Amino acid sequence: MEENYVILPMIWKGSRIMQYTYEEIKEEIIKIIREEIGWNDNGCTFGEETRLIDDLELDSVMIVQLIVAVEEKFQIEFSDSEDLLKCLETIGSLAEWIIGN
């Protein structure tokens, strides 16, 4: 199966634009949750349908940490007009939002 790549604007490494697949974006989100937020998964399996608030029980501070880390990693910015609850509902919805921005 051929993977589709998404070019995210302003993601530079050296002199080239970084390309990410949807799967790579999801893995980066999971990495941020585990390493930067410090969420202990206790063997939990992450997937695109994993709900950030309901399943992982991320609190408001963790959500802010996630937003900041995603903005830094992908060089994007959440605007005030974004429906944050919708794009932060699941790992998959956040990955789709990153692709769209």
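## Salt bridges

A search of the whole structure, a predicted model, finds four salt bridges. One of them joins Lys 73 to Glu 28, with the closest N and O atoms 3.6 Å apart. This pair links distant parts of the chain. Lys 73 sits in helix H2 and Glu 28 in helix H1, 45 residues apart. The two partners differ in cover. Lys 73 is partly exposed, with a relative accessible area of 34%. Glu 28 has 18% relative accessibility, so it counts as buried, the cut-off for buried being under 20%.

Arg 51 takes part in further bridges. With Asp 54, its closest N and O atoms are 3.7 Å apart. With Asp 55, the figure is 2.7 Å. Shared partners join Arg 51, Asp 54 and Asp 55 into one network. Arg 51 is partly exposed at 35% relative accessibility. Asp 55 is also partly exposed, at 37%. Side chains of opposite charge can pair when their charged atoms come close.

## Around Glu 28

Helix H1 spans residues 22–36 and holds Glu 28. Which residues does Glu 28 touch, leaving aside its neighbours within four places in sequence? The contacts are Tyr 20, Lys 73 and Phe 74. Lys 73 is its salt-bridge partner. Tyr 20 and Phe 74 form an aromatic pair, described next.

## Aromatic pairs

The structure holds two aromatic pairs. In the pair of Tyr 20 and Phe 74, the ring centres are 5.4 Å apart. Their planes stand at 70°, so the pair is edge-to-face. Tyr 20 lies in strand S2 (residues 16–21) and Phe 74 in helix H2, so the pair ties together parts that are 54 residues apart in sequence. Both Tyr 20 and Phe 74 are buried.

Phe 78 and Trp 97 form a stacked pair. The centres are 4.1 Å apart, with 0° between the planes. Phe 78 lies in the loop between H2 and helix H3 (84–87), and Trp 97 in helix H4 (residues 91–100). The pair therefore ties together parts that are 19 residues apart in sequence. Phe 78 counts as buried at 9% relative accessibility. Trp 97 is buried too, with a relative accessible area of 9%.

## Nonpolar core

How many residues does the largest nonpolar core have? It has 28. Those with the most contacts inside it are Ile 33, Leu 66, Val 70 and Ile 98. Helices H1, H2 and H4 each supply at least two residues of this core.

Ile 33 has a long list of contacts beyond its neighbours within four places in sequence. They are Gly 38, Trp 39, Phe 46, Leu 52, Leu 56, Leu 66 and Ile 91. Leu 66 is thus on this list and among the core residues with the most contacts.

## Two buried helix residues

Ile 67 lies in helix H2, which covers residues 60–74. Is Ile 67 buried or exposed? It is buried, with a relative accessible area of 14%. Leaving aside neighbours within four places in sequence, Ile 67 is in contact with Phe 78, Leu 84 and Leu 88. Phe 78 is the stacking partner of Trp 97. Ile 67 and Ile 32 are 35 residues apart in sequence, and their C-alpha atoms are 9.9 Å apart in space.

Ser 93 lies in helix H4. This serine is buried, with a relative accessible area of 17%. With the same neighbours left aside, Ser 93 is in contact with Lys 86, Cys 87 and Leu 88. Leu 88 is thus in contact with Ser 93 and with Ile 67.

## The chain as a whole

The protein chain has four helices and two strands. Read along the sequence, the pattern is β-β-α-α-α-α. Of its 101 residues, 40% count as buried. The chain exposes about 6,600 Å², and carbon and sulfur atoms supply 47% of that area.

What share of contacts between residues at least 6 apart in sequence joins residues at least 24 apart? The share is 50%. The bridge from Lys 73 to Glu 28 links residues 45 apart, and the pair of Tyr 20 and Phe 74 ties together parts 54 residues apart.

Definitions and conventions. Residues are numbered from 1 along each chain as its sequence is written. This is a predicted model: local features need pLDDT of at least 70, side-chain atom pairs count only at pLDDT 80 or more; totals for chains, interfaces and linings use all residues. Side-chain values use heavy atoms; hydrogens and water are left out. Buried means under 20% relative accessible area, exposed over 50%, partly exposed in between (1.4 Å probe, protein chains only). Contact means heavy atoms within 4.5 Å. Rings of Phe, Tyr and Trp (its six-membered ring) pair if their centres lie within 6.5 Å; planes under 30 degrees apart count as stacked, over 60 as edge-to-face and the rest as tilted. Accessible areas come from the Shrake-Rupley method with a 1.4 Å probe; for residues, only the protein chains shown count as cover. A nonpolar core is a set of buried Ala, Val, Leu, Ile, Met, Phe, Trp, Tyr and Cys residues joined through side-chain atoms within 4.5 Å. A salt bridge is a side-chain nitrogen of Lys or Arg within 4 Å of a carboxyl oxygen of Asp or Glu.
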